Amino acid sequence: MGKVKVVNVSRRFIKDKDTSTLALDNISMEVDDKEFVCFVGPSGCGKTTLLRIISGLDSPDEGEVYLDGIKIESPGPDRGMVFQEYSLFPWKSVADNVIFGPRMRGIKKKDALEEAEKYLELVGLQQFRHSFPYELSGGMKQRVAIARALANEPSVLLMDEPFGALDAQTRNILQQELLDIWKKKHITILFVTHSVDEAVFLADKIVLMSARPGKIKEVINVDLPRPRERTSPEANVLRDRILKSLLKEQNK
Ligand SMILES: Nc1ncnc2c1ncn2[C@@H]1O[C@H](COP(=O)(O)OP(=O)(O)OP(=O)(O)O)[C@@H](O)[C@H]1O
Ligand SMILES: [Mg+2]
């Protein structure tokens, strides 16, 4: 059975009695345990909406979402979320950002800080534990966001264009770091991106969504061996195929 199961999910946003947007139209899909799945699709096709529903921050109008066979009805520490925009608390230090989740769950500050060290080490930011977000680069802020999400020991990491605001070089570095963390922590990752390049480098499986109302157009298994060569002939062929399919959707 799938780790995350999305069953016939539809979501309509209603503005007034004459205006509404069908963001997701009867979506069904499964993500296996420890799988790395990337979602790619035109702007406004419902990727963020789908991730928010899986996180429990939003609910579907129709259909259900399950995590380990249990229906998702609210957010929980089993799902960590990392967003595109740096969502750190600006008034808290790096370490205090990372321990936020554990503290909310009632863990003593001293114990939480001890734990936090592990996660700061994982993202290479131990020396910055006392720094504040404004003192960090964009890449460092996203590393803190990842450490903060991991501090709750989630089994699923939901990432919504987490590297979208970074320069190409930093982005490549963070992609590799994320793969290392994924391997080390044995987690399942659902990752939204606009970059086909990124998806082909990261994913076991790419879910290609169609233009609004969001439907799943195609699920592509990425059978390229790891560590992956970004510019191998096989990667190029796959990238080309996905880009063409995406372009068709964007032109709709
Ligand atoms: N809270 C909301 N209220 C009203 N409409 C919404 C809301 N959230 C999303 N929508 C609409 O639902 C559709 C899907 O939005 P969503 O943010 O999920 O798209 P997306 O695929 O993440 O787009 P992007 O790639 O630009 O981030 C859009 O038409 C959007 O306007
Ligand atoms: Mg989005």
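The following is a dialogue on how several assignments in this predicted model are justified.

Visitor: What makes the model suitable for residue-level statements, and how are residues numbered?

Guide: The model is predicted, so local features need pLDDT of at least 70 and side-chain atom pairs count only at pLDDT 80 or more, while totals for chains, interfaces and linings use all residues. Residues are numbered from 1 along each chain as its sequence is written.

Visitor: Why are strand 1 and strand 2 called paired?

Guide: Two strands pair if DSSP finds at least two bridges between them. Strands are DSSP runs of E of at least two residues, and helices are runs of H or I of at least four, numbered from the N terminus. Eight bridges join strand 1 (residues 4-14) to strand 2 (residues 20-31), so the criterion is met, and the two run antiparallel. R11 stands opposite L24 in strand 2, and a hairpin of five residues connects the two strands.

Visitor: How do you know which strands are the edges of the six-stranded sheet?

Guide: This open sheet has the order 6-7-8-3-9-10, with mixed pairing. Strand 6 (79-82) and strand 10 (216-221) each pair on one side only, and these are the edge strands. The twist averages 15° from one strand to the next; axes are lines fitted to C-alpha atoms, for helices over the stretch in contact, and angles run from 0 to 180 degrees between N-to-C directions.

Visitor: What makes strand 3 a partner of both strand 8 and strand 9?

Guide: Strand 3 (residues 36-40) is joined to strand 8 (residues 188-192) by four bridges, in parallel, with L190 as the bridge partner of V37. Strand 3 also pairs in the parallel sense with strand 9 (residues 205-209) over four bridges, and F39 stands opposite V207. Both pairings therefore satisfy the bridge criterion.

Visitor: Why is strand 3 described as largely enclosed?

Guide: A residue is buried if 20 or more other C-beta atoms, placed from the backbone, lie within 10 Å of its own, exposed if 12 or fewer, and partly exposed in between. Five of the five residues of strand 3 are buried, so the strand is largely enclosed by the rest of the structure. F36, C38 and V40 point one way, and V37 and F39 the other way. In a regular strand the side chains alternate between the two faces of the sheet.

Visitor: How do you know where the domains lie?

Guide: The bounds come from an automatic or database domain assignment, which gives domain 1 (1-78 + 156-165 + 172-252) and domain 2 (89-153). Their C-alpha centres lie 26 Å apart.

Note on methods: Chains are lettered from A and ligands numbered from 1 in the order in which they are written.
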